[in-house]
Amino acid sequence: MFRRTRRNLFALANALTLLLAAGIIHAAPPVPQNPSTDDCLACHSDKTLTTKRGSRTVSLFVDGKKFSSSVHGSLSCTACHADLEGKDLPHSTPLARVECGTCHSDEQKQHSHSLHGKAIARGDTLAPHCVDCHGNHDIVPVKDPRSAVAPLKVPFVCGRCHQEGTPVQLNRQIDQHNILENYSESIHGEALLKKGLIVAANCVSCHTPHNILPHTDPNSSINRRNIAATCTKCHAEIEEVHRKTIRGELWEKEAHVLPACVDCHQPHKVRNVYYAQGMADADCMRCHANEHLKAADGRSMFVSAAEIAASRHAHPRTQAVPVSCSQCHSEVNVSRVRPCETISHPVDCSKCHEDQGQQFQRSKHGQLLAAKDPNAPSCRDCHGTHRILDKRDPESRTFATRVPELCGSCHREGQKAAVRYVGTQHEIIRHYQESIHGKGLLKSGLTVTATCTNCHTAHMVLPKSDPQSTVNPKNVPATCGACHHGIEEQFEQSVHSRLVTKTDKDLPVCNDCHSAHTIRRTDETGFMLDIMDKCGKCHEEIAKTYFDTYHGKVSRLGYTKTAKCYDCHGAHDILPVADPRSHLSRANVVATCQKCHATATRRFAGYLTHATHHDPKKYPFLFWTFWGMTTLLLSTFVFGGMHTLLWLPRAFQMRRELKAEEAREEAARSNGTGAEGKATAEEDHRAD
Amino acid sequence: MPTDLDLQTSELHSSDQPRPLGPERKRPEREFVRFTRLQRALHACMIISFLSLATTGLTLKFSYTGWAAMVSRFLGGFQVAGFIHRTAAVLMFGVFVTHLYNLVQVKKREHKSWRALVLGPDTMLPTPQDLRQFLATMKWFIGMGPRPQYGRWTYWEKFDYFAVFWGIAVIGSTGLTLWFPIFFTRFLPGSFINIATVIHSDEALLATGFIFTVHFFNTHLRPEKFPMDTTIFTGHMPLAELKRDKPLEYEALVASGRLEEHMEEPQPEIVVRTIRAFAWIALSIGFSIVVWIIYAMLFAYK
């Protein structure tokens, strides 16, 4: 009653004031007057001021103090309650809903697109408006602990609707249960609520404050594709403590093949426990431990736990715990009874072995695999499947001594890779086994000896013609130099190196002299003799002239004692004779001869090691000596030959006459006895 | 056809009978001695030396043929072949020096002066008569005259004899240069080794080619003497052959009455057989080398 009286008095005073004011301004045109905050508070500071909304009685009290200290304290009431603008007081009720979006347009927009906003648009009375979370006249900055949406309060703000027993939880489709309860026990909830760590994730950290969307919406912050980005807002370096390859990038780009955070760390229940990787392996083994398990196409689906336990993946280098089934067989879906039924791609090793994967894709093997060539090898063809061992494990299929066999399973003559190969290298495996590398590896058991992969690489195997190939002529010195570094250093200084000689012609590299798969000891007779033909492939003329000299002739006979190309020119450090560093430079040549001819002098070194008598310009004296000798030879032979040939008919004639004479003597002897003894003795002696 | 000589020699035989012969064995005919023991020995040494030099040397000259490698390996490698080559060269020098020494001895024993030796009727030096005989031989070859009456040394025999002198000088000197290159380059330029190589090699080819074809034909394998004239090995030749081949010498001996000094009992059968075996081996090697040379020069030349 009293309250009503006061209000009436206030109204009366107001009316009087207005009348007065009307009188004052009567002379001027009337201007609509906005009610000031004080005007509003004149009524709304009354704590008993209420109104009826339907059946509910609603307080209309506004705490002036709180309002003036709120973020909106400097605004007038009509800034928000816009429908009161220019209205006379007391105003009619009810007022229109305040549109926060007038100022907070972004938030408003997000909200209206959000799950909550759409529910409002649908007319869902349970849907929250701005005021339901933020409050009304006492809104303070979110960092202010008094804020309704301060981090500490957010779980409760959200929990008002999203907890067991609320109309929302009861009447609306919400997949998660015990959300608030789970959250408060989770590592995030514990940090926030028990430890007061206000940076700990609360509801809006993951779901966003205004843009709350169902996880099925691709734009949702909790969609599978976005969850990684959401978690990494705080767990920015998570990939470092997980696996090298689950980079934020890969995680986001290839979310369909990688497990999302929530697959392991269930939402709301995120615990402060260490999630043993592979804890779900037991689930896989429930079926796959069965030795008789078969796929639809008859393949055995049995997985030997013992094999896996012995494999490298049971003791990975990059993580402290074994690699789990689902890390390789990704695409599993934990919400299915058979989580593996969603697997649609083969195991992709490059998820972890990213570098190797990229190299493989670039390689000939990878290209063939991408082209769906049935002969193309994939990771498993070399490395196997569950029983993968480290290449340093002697049991491993990729252990050095086994590599030739492994590559040979396709590249041996007659096998699938060798059949399609059109190049010049044949009997690769057999040749390798007989080569110095093969013998070193397989006979001497020297595991640091070069195997296939040392030259061709393990994963980026490319044909020689590819400029990126390690066996491309351009790269061969570096490839061999990986082990033979000292030789590479010498070679790169020599006239044969691309770095020294700039030419369009093909310069020789290691394998042009040493071959590729049939590399022999260089102190082997066969190699030492072959090398001259190797030099002769390019230096044809000079090699020919070498074979005109004593050195060359002995070499040609198959002996290695006499000087061969490299004995004088050097092997890897060949330089032009004009280069002072050359073994054959003026300063060095005598010492080079002295390697074999210990007492050699400078004049002795004047011996022409490549002299030929076929070149009248370069070696005129040899040329003319040769032709002088040849003339002498020919004329002697012609003379002697003619003499002999002319003689022959006469000689035959003499023979006939002698025979006839003998016959006559014989006849005379058989008739008479006179000279028998003497004639017979002579005959006997001659015919003997 | 019994001749004066036949009668003469049969008389000789009957008058000088060293021992009685059994009825089943005929008394052997005495033979003319053409070569002394030393000359035969030198020729045999020369054969051994020459064949060794040719075989080992040609392995280098024709190193591009498979045969060369095979022979070289058979001999025990190029170093062994080189050792054989140099040993044989020493032997050849030995033969040469021995022959020269023997000439001095012969001169002392049989001639008053070098002049007598060199200009005597049996001289090895070419004479105007050789030229005449050469021309007459050419005529005979083409059927325009009779066979000339040759003396002790025919012109082709003299040619062969001096070819050896020439060969030893040329091949020997260049061979020494190649054997001791460091010594020789003390006073010769290094490229002389190259020249020596060319001369040594080509002169050797000339020598082997000539010996194994022309010399073989001229002296050992002429059809009328087929299968082989072994005079140089046995030192003996039948008197009839002397009369036929060297009528001038024969006549001179008869005229001077010194023929009997040159007649001897034939070599024992076993010696003759051995000599023939040796000669055949040498001839075979020589012919093989000729075949090898022809193959290397014509078919495998690089």
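**Entry 1: the two chains**

I began with the secondary structure of chain A, which in this predicted model comes to 37 helices and two strands. Chain A has 688 residues, and I noted that buried residues make up 23% of them. I then looked at how its contacts are spread along the sequence, counting those with a separation of 6 or more, and found that residues 24 or more positions apart account for 47% of them.

For chain B I looked up the corresponding values. Chain B holds 13 helices and three strands, and of its 302 residues 33% count as buried. Among the contacts in chain B with a separation of 6 or more, 73% join residues that are 24 or more positions apart.

**Entry 2: where the chains touch**

How many residues of each chain take part in the contact between chain B and chain A? I found 47 residues of chain B in contact with 51 residues of chain A. On the chain B side, the helices that each supply at least two residues are α1 (4–15), α2, α3, α4 (78–110), α6 (128–141), α8 (181–184) and α9 (191–220). I noted that α9(B) gives the largest share of this side, with 15 residues. Sorted by class, the residues of chain B that touch chain A are 28 nonpolar, 12 polar and seven charged.

**Entry 3: α36 of chain A beside α9 of chain B**

I next followed α9(B) to one of its partners across the boundary, helix α36 of chain A, which spans residues 620–671. The two helices pack with their axes 9 Å apart and at an angle of about 5°. Angles under 35 degrees count as roughly parallel, and α36(A) and α9(B) are therefore roughly parallel to each other.

I listed some of the residues that make this contact: from α36(A) they include A:Phe621, A:Leu622, A:Phe626, A:Leu633 and A:Phe637, and from α9(B) they include B:Ile195, B:Val198, B:Leu206, B:Phe210 and B:Phe217. B:Asp202 and B:Glu203 of α9(B) also take part. By class, the contact of α36(A) with α9(B) has 15 nonpolar, seven polar and two charged residues.

While I was on α36 of chain A, I also looked up A:Trp627, which has its place in this helix. Is A:Trp627 buried or exposed? I found that A:Trp627 lies in between, as a partly exposed residue with 14 other C-beta atoms within 10 Å. A:Trp627 and A:His614 are 13 residues apart in sequence, and their C-alpha atoms are 9.5 Å apart in space.

**Entry 4: a crossing inside chain B**

Here I stayed within chain B and took helix α2 (residues 37–61) together with helix α3 (residues 66–75), whose axes come within 8 Å and cross at roughly 130°. That angle makes α2(B) oblique to α3(B), and I noted that α2(B) passes α3(B) in a left-handed crossing. On the α2(B) side the meeting residues are B:Thr55, B:Thr56 and B:Thr59, and on the α3(B) side they are B:Ala68, B:Val71, B:Ser72 and B:Leu75. The residues of this contact divide into three nonpolar, four polar and no charged.

**Entry 5: one face of α11 in chain A**

Which residues of helix α11 (residues 187–194) of chain A are buried? I found A:His188, A:Gly189 and A:Leu192. Seen down the axis of α11(A), these buried residues fall within an arc of 90°, so they line one face of the helix. The buried residues of α11(A) pack against α8 (154–159) and α10 (179–185) of chain A. Just after α11(A), I came to A:Gly196, which takes a positive phi of about 65°.

**Entry 6: positive phi away from glycine**

I kept a separate note on phi, because most residues other than glycine have a negative value. A:Thr208 is not a glycine and yet has a positive phi of about 65°. I located A:Thr208 in the loop between α12 (203–207) and α13 (224–232) of chain A, and with 16 other C-beta atoms within 10 Å A:Thr208 is partly exposed.

Where in chain A is A:Glu427 found? I placed A:Glu427 in the loop between α24 (416–420) and α25 (428–434). The phi of A:Glu427 is positive, near 50°, in a residue other than glycine, and A:Glu427 counts as partly exposed, with 14 C-beta neighbours inside 10 Å.

Conventions. Residues numbered from 1 in each chain as written. Chains lettered and ligands numbered in written order. Predicted model: local features only at pLDDT ≥ 70, side-chain atom pairs only at ≥ 80, totals over all residues. Axes fitted to C-alpha atoms, helices over the stretch in contact; angles between N-to-C directions. Helix = DSSP H or I, 4+ residues; strand = E, 2+ residues; numbered from the N terminus. Parallel < 35°, antiparallel > 145°, perpendicular 65-115°, else oblique. Left-handed = near helix turned anticlockwise from the far one by under 90°. Contact = placed C-beta atoms within 7 Å. Nonpolar A, V, L, I, M, F, W, Y, C, P; charged D, E, K, R; others polar. Buried ≥ 20, exposed ≤ 12 C-beta atoms within 10 Å, placed from the backbone. Arc of directions from axis to C-beta.
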